[in-house]
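Visitor: Got a minute to go through a model with me? I'd like to start with the charged side chains.
Guide: Sure, pull it up and ask away.

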Amino acid sequence: MDDSKMVAGKVKKPGKRGRKPAKIDLKAKLERSRQSARECRARKKLRYQYLEELVSSKERAICALREELDMYKQWCLAMDQGKIPSEIKALLTGDEQKAPQSSSNKIPKNGKYGSSGNSQNKMS
């Protein structure tokens, strides 16, 4: 006798377990596949747009930081030559005017506490 078995009048062949694929309309299956591909492409497009926007915002931030760094470098060069840039003067005079209004626990620009502030001196 060969490997096939008789069960309830039907011949069962060994090696083919599990569900048998249902006979699905081939056109419907193809359409579902196309729709899934369209959705995948749309998601991919949105993801790329998001990443491009993220990159451009980071590039703008980098440019702004480079400009700020160049400004600070120019200030340092001017101060090395003994000149005090007007921007720094404005910052210092603005800070001095605000100092009496602010709390006395703030650390001064030079990093040391005065005698009127805390009793401890900070050494830097």
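Visitor: Which residue does Arg34 meet in a salt bridge?
Guide: Glu31, with 4.0 Å from N to O. Keep in mind that this is a predicted model.

Visitor: Where do Arg34 and Glu31 lie?
Guide: Both are in helix 1, which covers residues 26-80. They sit three residues apart, about one turn of the helix.

Visitor: How many salt bridges turn up in the whole structure?
Guide: A search of the whole structure gives two. Besides the Arg34 pairing, the side chains of Arg38 and Glu31 meet at 3.1 Å, N to O.

Visitor: What do the salt bridges that share partners make?
Guide: They join Glu31, Arg34 and Arg38 into one network.

Visitor: Buried or exposed, what's the call on those residues?
Guide: In between, really. Arg34 has a relative accessible area of 45%, so it counts as partly exposed. Glu31 is partly exposed too, at 39%, and Arg38 is partly exposed at 37%.

Visitor: OK, switching topic. Which residues make the nonpolar surface patch?
Guide: Tyr50, Leu51 and Leu54 make it, and the patch is about 280 Å².

Visitor: Where does Leu54 lie?
Guide: In helix 1.

Visitor: And why can Leu54 count towards a patch?
Guide: Patch residues need over 30% relative accessible area. Leu54 is partly exposed at 34%, so it clears that cut-off.

Note on methods: Residues numbered from 1 in each chain as written. Predicted model: local features only at pLDDT ≥ 70, side-chain atom pairs only at ≥ 80, totals over all residues. Heavy atoms only, no water. Helix = DSSP H or I, 4+ residues; strand = E, 2+ residues; numbered from the N terminus. Buried < 20%, exposed > 50% of the residue type's maximum accessible area, 1.4 Å probe, protein only. Patch = residues over 30% accessible without salt bridge, like charges linked within 9 Å, V, L, I, M, F, W, Y side chains within 5 Å. Areas by Shrake-Rupley, 256 points an atom, 1.4 Å probe, with all protein chains shown as cover.
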